[in-house]
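Me: I have a model open and some labels to check. Take me through the reasoning behind each one.

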Amino acid sequence: MSAHNLIFFDCDSTLSAIEGVDELARLRGPECFAEIEAMTHAAMDGQTPIDEVFSRRLEIIRPTLAEVGIVAQMYLDQIEPTALATINEVKAMGWTPMILSAGFTQVIEPLAEYLGIARIEAVSMKFDDSGNYADYDRSFPSTRNGGKPARILQIIKEVTPLRTV
């Protein structure tokens, strides 16, 4: 991939108004949602390291592939009102947009496709043959503190853009 200018977008609460992991928890009921939402906020506010809560949240929720599809639709339903126009504008200005997220690849894919963003850097979930949660890509950088900046540096080295935002 060769990009003249590269621009990174987060997904959750940025391109879409929702936090995907919280919505997966909401599908499990109000108690699960409250627990996961509190963990998410603690990590986002820097009170708890993300690597301490990342796997714990998924072990509590254990989302199915069908539930991932439901939340993927929620991303589209709750898209940030100017997201598509913004993506089209940055593309017209010569920028290549990319999503870099601590969210889940399978949940983000429909939104990225709608927005015309070809590359998603997010956490892949694994499911068994019946569509039940099995695990996630534990090696992906955004599953731990400092992972996003580290992944950005890796991508810059790979792509060698002239400018990055």
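Me: Where is Thr 160 found?

Reply: This is a predicted model, so keep that in mind throughout. Thr 160 is in the loop between H7 and strand S6 (163-164).

Me: Why is Thr 160 called exposed?

Reply: Its relative accessibility is 58%. Exposed means over 50%, so Thr 160 counts as exposed.

Me: What is the phi of Thr 160?

Reply: Phi of Thr 160 is near 45°. That is a positive value in a residue other than glycine. Arg 62 also has phi near 45°, again positive and again not in a glycine.

Me: Where is Arg 62 found, and why does Arg 62 count as partly exposed?

Reply: Arg 62 lies in the loop between H3 and H4. Its relative accessibility is 36%. Under 20% is buried and over 50% is exposed, so 36% falls in between: partly exposed.

Me: What makes Thr 86 partly exposed?

Reply: The same cut-offs apply. Thr 86, in helix H5 (residues 83-92), has a relative accessible area of 31%. That lies between 20% and 50%, so Thr 86 is partly exposed.

Me: How far apart are Thr 86 and Leu 115 in sequence and in space?

Reply: They are 29 residues apart in sequence. In space, C-alpha to C-alpha, they are 9.5 Å apart.

Me: And Gly 46: buried or exposed?

Reply: Exposed, with a relative accessible area of 61%. The cut-off is over 50%, so the label follows. Gly 46 sits in the loop between helix H2 (30-44) and H3. Its C-alpha is 28 Å from that of Glu 67, with the two positions 21 residues apart in sequence numbering.

Me: Ser 142 is in a loop too. How do you know whether Ser 142 is buried or exposed?

Reply: Its relative accessible area is 4%. Buried means under 20%, so Ser 142 is buried. The loop runs between S5 and helix H7 (147-159).

Me: What is Ser 142 in contact with, leaving aside neighbours within four places in sequence?

Reply: Ile 50, Ser 101, Ala 102, Val 123, Gly 147 and Lys 148.

Me: Now the rings. How many aromatic pairs does the structure hold?

Reply: Two. Phe 54 and Tyr 136 form one of them, at 5.1 Å centre to centre and 55° between the planes.

Me: Why is the pair of Phe 54 and Tyr 136 called tilted?

Reply: The centres are 5.1 Å apart, within 6.5 Å, so the rings pair. Stacked needs under 30 degrees and edge-to-face needs over 60, so 55° is tilted.

Me: What parts does the pair tie together?

Reply: Phe 54 lies in helix H3 (residues 50-61) and Tyr 136 in strand S5 (residues 133-136), so the pair links parts 82 residues apart in sequence. Phe 54, at 1% relative accessibility, counts as buried. Tyr 136, at 6%, counts as buried as well. Ring pairs link Phe 54, Phe 104 and Tyr 136 into a cluster.

Me: What makes Arg 26 sit over the ring of Phe 33?

Reply: The charged end of Arg 26 is 3.9 Å from the ring centre. The distance limit is 6 Å, so that condition is met.

Me: How do helix H4 and helix H6 pack?

Reply: Helix H4 (residues 65-77) and helix H6 (residues 105-115) pack at about 35°, with axes 8 Å apart. The crossing is right-handed. By class, the contact has ten nonpolar, one polar and no charged residues.

Note on methods: Residues are numbered from 1 along each chain as its sequence is written. This is a predicted model: local features need pLDDT of at least 70, side-chain atom pairs count only at pLDDT 80 or more; totals for chains, interfaces and linings use all residues. Side-chain values use heavy atoms; hydrogens and water are left out. Rings of Phe, Tyr and Trp (its six-membered ring) pair if their centres lie within 6.5 Å; planes under 30 degrees apart count as stacked, over 60 as edge-to-face and the rest as tilted. Helices (H or I, at least four residues) and strands (E, at least two) are DSSP runs, numbered from the N terminus. Buried means under 20% relative accessible area, exposed over 50%, partly exposed in between (1.4 Å probe, protein chains only). A charge sits over a ring if NZ of Lys or CZ of Arg is within 6 Å of the ring centre and within 35 degrees of the ring normal. Axes are lines fitted to C-alpha atoms, for helices over the stretch in contact, and angles run from 0 to 180 degrees between N-to-C directions. A crossing is left-handed if the near helix is turned anticlockwise from the far one by less than a right angle, and right-handed if clockwise. Ala, Val, Leu, Ile, Met, Phe, Trp, Tyr, Cys and Pro count as nonpolar, Asp, Glu, Lys and Arg as charged, and the others, Gly among them, as polar. Contact means heavy atoms within 4.5 Å.
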